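Me: Please take a close look at a single part of this model and explain how that part sits within the rest of the fold. I would like one connected account rather than a list.

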Amino acid sequence: QVQLVESGGGLVQPGGSLRLSCAGSGFTFSSYAMSWYRQAPGKERELVAFISSTGGSRNYADFVKGRFTISRDNAKNTGYLQMNSLKPDDTAVYYCKVVGRSSYWGQGTQVIVSS
């Protein structure tokens, strides 16, 4: 069965950093592009970042450009989202997803940015 498991969330002060991980199993991880989304309370889920299957192409939402870095290690079947210079508006549940497969979502990991 396909599984995506996020980890690495937590409580951090404004200006701090976190690295989120997304461990995939039950499918050929290296064959798929992946993305990160987030959803804040009362808000729509929004795309944060994208990375191609090989890691050769990356893209970011405007609100995280220059602060977040998406990466992957296909040998470990794991994707990452490095988040720096965090702001209170970054508070959300963060999800990873396999691009092109509507059912391939992780369970999410909570990020809270607060003083």
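Reply:

**Ser-85 and its surroundings**

In this predicted model, Ser-85 has a relative accessible area of 41% and is therefore partly exposed, since that class lies between the buried limit of under 20% and the exposed limit of over 50%. Ser-85 belongs to the loop between β8 and β9, the latter covering residues 92-98. The backbone of Ser-85 has a positive phi of about 50°, although the residue is not a glycine. That deserves attention because most residues other than glycine have a negative phi.

Asn-77 offers a second case, being likewise a residue other than glycine with a positive phi of about 50°. Asn-77 is found in the loop between β7 and β8, and with a relative accessibility of 31% it counts as partly exposed. Strand β8 itself comprises residues 78-83, and Asn-77 precedes it in the β7 to β8 loop, while Ser-85 lies in the loop that leads on to β9.

Ser-85 is also one of the contacts of Arg-67, once the neighbours of Arg-67 within four places in sequence are set aside. The other residues in that set are Gln-82, Met-83, Asn-84, Leu-86, Lys-87 and Asp-90. Arg-67 is found in the loop between β6 (58-60) and β7 (68-73), and because its relative accessibility is 10%, it counts as buried.

From this loop the account can follow β8 into the sheet. Strand β8 runs antiparallel to β3 (residues 18-25), and six bridges join the two. Within that pairing, Gly-79 in β8 is the bridge partner of Cys-22. Cys-22, in β3, also stands opposite Glu-6, and Val-5 stands opposite Ala-23 of β3. These pairs accompany the antiparallel arrangement of β1 and β3, which are joined by five bridges. Strand β3 is thus bridged to β1 and to β8.

In a regular strand the side chains alternate between the two faces of the sheet. Strand β1 (residues 3-7) shows such an alternation, with Leu-4 and Glu-6 pointing to one face, where they are buried, whereas Gln-3, Val-5 and Ser-7 point to the other face and are not buried.

Glu-6 and Ser-7 lead on to the C-terminal part of the chain, since both are among the contacts of Thr-109 beyond its neighbours within four places in sequence. Those contacts also include Gly-8, Gly-9 and Leu-20, together with Ala-92, Val-93 and Tyr-94. Thr-109 lies in strand β10 (residues 109-113), and its relative accessible area of 10% is why it counts as buried. By contrast with these contacts, the C-alpha atoms of Thr-109 and Val-98 are separated by 16 Å, with their positions 11 residues apart along the chain.

The wider setting is a protein with 10 strands and zero helices. Among contacts with a separation of 6 or more, 51% link residues 24 or more positions apart, and 41% of the 115 residues count as buried. The radius of gyration is 13 Å, which agrees with the value near 13 Å that a compact globule of 115 residues would have. The C-alpha atoms fill a box of roughly 40 × 25 × 20 Å along the principal axes.

Terms used
Residues numbered from 1 in each chain as written. Predicted model: local features only at pLDDT ≥ 70, side-chain atom pairs only at ≥ 80, totals over all residues. Heavy atoms only, no water. Helix = DSSP H or I, 4+ residues; strand = E, 2+ residues; numbered from the N terminus. Rg over C-alpha atoms; globule rule 2.2 N^0.38 Å. Buried < 20%, exposed > 50% of the residue type's maximum accessible area, 1.4 Å probe, protein only. Contact = heavy atoms within 4.5 Å. Pairing = 2+ DSSP bridges.
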